[in-house]
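Q: I have a model in front of me and would like to learn how to read it step by step. Could we begin with the surface and then work inward?

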Amino acid sequence: MNKKIAALVSTLVLTSVLAACGAQTQTPATPSAPAAPALTGTITIDGSSTVYPVSEAVAEEFQIENNGVRVSVSQSGTGGGMKKFTAGEIEITGASRQIKDTELADAKANGIEVIEIEVAYDGIAVVVNNAATFTDNITMEELNTMWKVDSTVKT
């Protein structure tokens, strides 16, 4: 896939999300620039399930404006999307974290230029049910211990 198209789509993702959040204003008319040639091709997006709804909505709007481009959006998780992206299997990945140094190295080794664009932040709320008998308070330290990659905590 053409890197320019991938960069354009990434920019459009950010622009679309930001435009949707802003107030609508009228801009004065400016002289028209020559029309850009119509885009054609296929763009494949995969990655985080939390970013998926944004990617899907932006892909839909992009295709309305560029009906010669087919955009497919999937969700295999941040790690799965990164693996496909750094291997050159997809053009864009939605991630719920920054790219890791090892992933950057993989992308570079495969001749893939990485452009990171923050689109949104996601958050996690930890809630303890009032009926829970095992605790009346969970500390950040306990949460960190519980969710560490090599954690042995089971309950």
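A: A good start is the surface as a whole, bearing in mind that this is a predicted model. The protein chain exposes about 11500 Å², and carbon and sulfur atoms supply 54% of that area.

Q: How many residues does the protein chain have, and what percentage of them count as buried?

A: The protein chain has 155 residues, of which 25% count as buried.

Q: Which helices and strands make up the chain, and in what pattern do they follow one another?

A: The secondary structure comes to five helices and three strands, and, when the chain is read along its sequence, the pattern is α-β-α-β-α-β-α-α.

Q: In what order do the strands lie in the sheet?

A: Order in a sheet is read from which strand pairs with which. Here the three strands form an open sheet in the order S2-S1-S3, with parallel pairing. The edge strands are S2 and S3, each of which pairs on one side only, and neighbouring strands of this sheet are turned by 20° against each other on average, direction ignored.

Q: How many bridges join S1 to each of its partners?

A: Strand S1, residues 41-47, pairs with strand S2, residues 69-73, over five bridges in the parallel sense. Within that pairing, Gly41 stands opposite Val69, and Thr42 has Arg70 as its bridge partner in S2. Towards strand S3, residues 92-94, S1 is joined by three bridges, and these two strands also run parallel; there, Ile45 has Ile92 as its bridge partner.

Q: Is the β-α-β unit made by S1, H2 and S2 right-handed or left-handed?

A: The handedness describes the path from one strand over the helix to the next, and S1, H2 and S2 make a right-handed unit. H2 lies across S1 and S2, and runs at about 170° to S2.

Q: Which residues form the largest nonpolar core?

A: The general idea is that in soluble globular proteins, nonpolar side chains tend to be buried together. In this model the largest nonpolar core has nine residues, namely Ile43, Ile45, Tyr52, Ala59, Phe62, Val69, Val71, Val73 and Ile92. The elements that give two or more residues to this core are S1, H2 and S2. Taking one core residue as an example, Ile45 touches Ser55, Val71, Ser72, Val73, Ser74 and Ile92, when residues up to four places away in sequence are not counted.

Q: Is Ser55 buried or exposed?

A: Ser55 counts as buried because its relative accessibility is 11%, which is under the 20% cut-off. Ser55 is placed in helix H2, residues 52-65, and, not counting residues up to four places away in sequence, touches Ile45 and Val73.

Q: Where is Ala95, and how should I describe its exposure?

A: Ala95 is in the loop between S3 and helix H4, residues 101-109. Ala95 is called partly exposed because its relative accessible area is 25%, a value between the cut-offs of 20% and 50%. Leaving aside neighbours within four places in sequence, Ala95 is in contact with Ser48, Val51, Thr78 and Met82.

Q: How far apart are Ala95 and Gly80 in sequence and in space?

A: Ala95 and Gly80 are 15 residues apart in sequence and 9.7 Å apart in space, taken from C-alpha to C-alpha. For the protein chain as a whole, among contacts between residues at least 6 apart in sequence, 65% join residues at least 24 apart.

Notes. Residues are numbered from 1 along each chain as its sequence is written. This is a predicted model: local features need pLDDT of at least 70, side-chain atom pairs count only at pLDDT 80 or more; totals for chains, interfaces and linings use all residues. Side-chain values use heavy atoms; hydrogens and water are left out. Helices (H or I, at least four residues) and strands (E, at least two) are DSSP runs, numbered from the N terminus. Buried means under 20% relative accessible area, exposed over 50%, partly exposed in between (1.4 Å probe, protein chains only). Contact means heavy atoms within 4.5 Å. Two strands pair if DSSP finds at least two bridges between them. A crossover is right-handed if, with the strands pointing away from the viewer, the path from the first strand over the helix to the second runs clockwise. Accessible areas come from the Shrake-Rupley method with a 1.4 Å probe; for residues, only the protein chains shown count as cover. Axes are lines fitted to C-alpha atoms, for helices over the stretch in contact, and angles run from 0 to 180 degrees between N-to-C directions. A nonpolar core is a set of buried Ala, Val, Leu, Ile, Met, Phe, Trp, Tyr and Cys residues joined through side-chain atoms within 4.5 Å.
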